[in-house]
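Trainee: I would like to learn how to read contacts, ring pairs and helix faces from a set of coordinates. Can we work through one case?

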Amino acid sequence: MRRKRVPTAPLPQRDGVNAVRLRLPEDPEGVWPTVGAYLLGRYGTAVGVERIGAMLEAGRFVGADGRAAAGAEPYEPGRWLWFHRDLPAEERVPFEIGVVHRDERILVADKPHFLATTPRGRHVTQTAVARLRAELELPALQPAHRLDRLTAGLVLFVLRPEDRGAYQLLFKERRVRKEYEAVAAYDPGVELPVTVRSRIEKERGVLAAREVPGEPNAVSRIELVERRGGLGRYRLLPETGKTHQLRVHMNALGLPILDDPLYPVVREDGPEDYRRPLRLLARALEFTDPFTGEERRFASRLSLGPLSGPGPRGGAA
């Protein structure tokens, strides 16, 4: 059976964030006589009954035709509704996003430290995808992969929804060569270059990932590029893409990346210190373009700064 096509959203993005889309589920027992009864039952506990009532009164839930849905309307299973969430105010990450490359299909951006790639948790409007959509007027923009919030550097975005799957597949099938740069302590007792292989697991709700016994699922090559005093600049070449993989592997070598708030010790949550970014940068991306067959290589224009104590002021790498 063919799935019904999802209608085009009748609400425009707000600050680069899409409206929430929901479809009214089947109700064989007739639990929800009206649209309002369903919305109050689904969201009333989390948001508050009074708030949902006010949103209905203000016409903030709309159907595919763009008309406001009244709370008293009869419940209709399968009906599509859209609405914008009330988002808490977010502190603006005080660094700009650089555009390294843009053509008719892709945009390669230099994401600064402290900026998430996509909305998650308390970071929604202050994300690379939301800010780029709003700043460049590209509402269809979507990332082909994700870069950790605390890591700066290259992120590949796709301009057209129909092209996204092909670029995502490059990352899924490990056909993208990724090169990172990090600043960490120098230890003459650590023999480099080295390829680290281990099994990494990340539990939901736990900030730090950990290495566990078992078949390796994470592979990273670590090379020393430069040394000055007690610090080194390292080239990191991941073959896989587990969460926090490079940070975990550097820590396992006894070389935790400078200003890492999780490894080796989880730092207490507090205000962002933009003067001390994690000294990790997604330096380069290389791949064969799935549409043109062209060999593509992109290099970050950001810098981790000199081999010295704290990260550079401004924190944007």
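Mentor: Start with contact: two residues are in contact when they have heavy atoms within 4.5 Å. Keep in mind that this is a predicted model. Take E211, whose place is in strand β9. With neighbours within four places in sequence left aside, E211 is in contact with S198, R199, I200, V248, H249 and A252.

Trainee: Is E211 buried, exposed or in between?

Mentor: Buried means under 20% relative accessible area and exposed means over 50%. E211 has a relative accessible area of 35%, so it is partly exposed. For a sense of distance, the C-alpha atoms of E211 and T127 are separated by 29 Å, and the two residues are 84 apart along the chain.

Trainee: What does N217 touch?

Mentor: N217 is in the loop between β9 (210-212) and β10 (218-228). Not counting residues up to four places away in sequence, N217 touches S198, R199, I200, T240 and K242. S198, R199 and I200 are also among the contacts of E211. At 17% relative accessibility, N217 counts as buried.

Trainee: And where is L253 found?

Mentor: L253 is in the loop between α5 and β12. Its relative accessible area is 21%, so L253 is partly exposed. Beyond its neighbours within four places in sequence, L253 is in contact with V190, V194, V196 and I222. From L253 to P7 the C-alpha distance is 51 Å, with their positions 246 residues apart in sequence.

Trainee: How do I read a nonpolar core?

Mentor: In soluble globular proteins, nonpolar side chains tend to be buried together. Here the largest nonpolar core has 33 residues. Those with the most contacts inside this core are L107, F157, L236 and M250. Several elements each supply at least two residues of the core: β4 (106-111), α3 (128-136), β6 (152-158), β7 (177-185), β11 (231-238), α5 (245-252) and β12.

Trainee: Which residues does L107 contact?

Mentor: Leaving aside neighbours within four places in sequence, L107 is in contact with V99, H101, R102, L132, L136, L138, L141, V155, L156, F157 and L159. F157, one of these, is also among the residues with the most contacts inside the core.

Trainee: Now a helix. How does the length of α4 compare with what is expected?

Mentor: Each residue is expected to add 1.5 Å. α4 has 12 residues and reaches 17 Å from its first C-alpha to its last, close to the expected 16 Å. Just after α4, R174 takes a positive phi of about 60°.

Trainee: Which residues of α4 are buried?

Mentor: They are D163, Y167, L170 and F171. Seen down the helix axis, these buried residues fall within an arc of 95°, so they line one face of α4. On the other side of α4, P161, E162 and K172 are exposed.

Trainee: What do the buried residues of α4 pack against?

Mentor: They pack against β4, β6, β7 and β12.

Trainee: How many aromatic pairs are there?

Mentor: A search of the whole structure finds 11. In one of them, the ring centres of Y167 and F291 are 5.6 Å apart and the planes are at 45°, so this pair is tilted. Planes under 30 degrees apart would count as stacked, and over 60 as edge-to-face. Y167 lies in helix α4 (residues 161-172) and F291 in the loop between β12 (280-288) and β13 (295-299), so the pair ties together parts that are 124 residues apart in sequence.

Trainee: Are these two rings buried or exposed?

Mentor: Y167 counts as buried, at 1% relative accessibility. F291 is partly exposed, with a relative accessible area of 36%. F287 and F298 form another tilted aromatic pair, with 6.1 Å centre to centre and 40° between the planes. F287 is in strand β12 and F298 in strand β13, 11 residues apart. F287 counts as buried at 3% relative accessibility, and F298 counts as buried at 7%.

Trainee: What links these four residues into a cluster?

Mentor: Ring pairs link Y167, F287, F291 and F298 into a cluster. A charged residue joins the picture at F291: R105 lies over the face of that ring, at 4.2 Å from its centre.

How values were computed: Residues are numbered from 1 along each chain as its sequence is written. This is a predicted model: local features need pLDDT of at least 70, side-chain atom pairs count only at pLDDT 80 or more; totals for chains, interfaces and linings use all residues. Side-chain values use heavy atoms; hydrogens and water are left out. Rings of Phe, Tyr and Trp (its six-membered ring) pair if their centres lie within 6.5 Å; planes under 30 degrees apart count as stacked, over 60 as edge-to-face and the rest as tilted. Helices (H or I, at least four residues) and strands (E, at least two) are DSSP runs, numbered from the N terminus. Buried means under 20% relative accessible area, exposed over 50%, partly exposed in between (1.4 Å probe, protein chains only). A charge sits over a ring if NZ of Lys or CZ of Arg is within 6 Å of the ring centre and within 35 degrees of the ring normal. A nonpolar core is a set of buried Ala, Val, Leu, Ile, Met, Phe, Trp, Tyr and Cys residues joined through side-chain atoms within 4.5 Å. The expected span of a helix is 1.5 Å times one less than its number of residues. The arc is that of the directions from the helix axis to the C-beta atoms.
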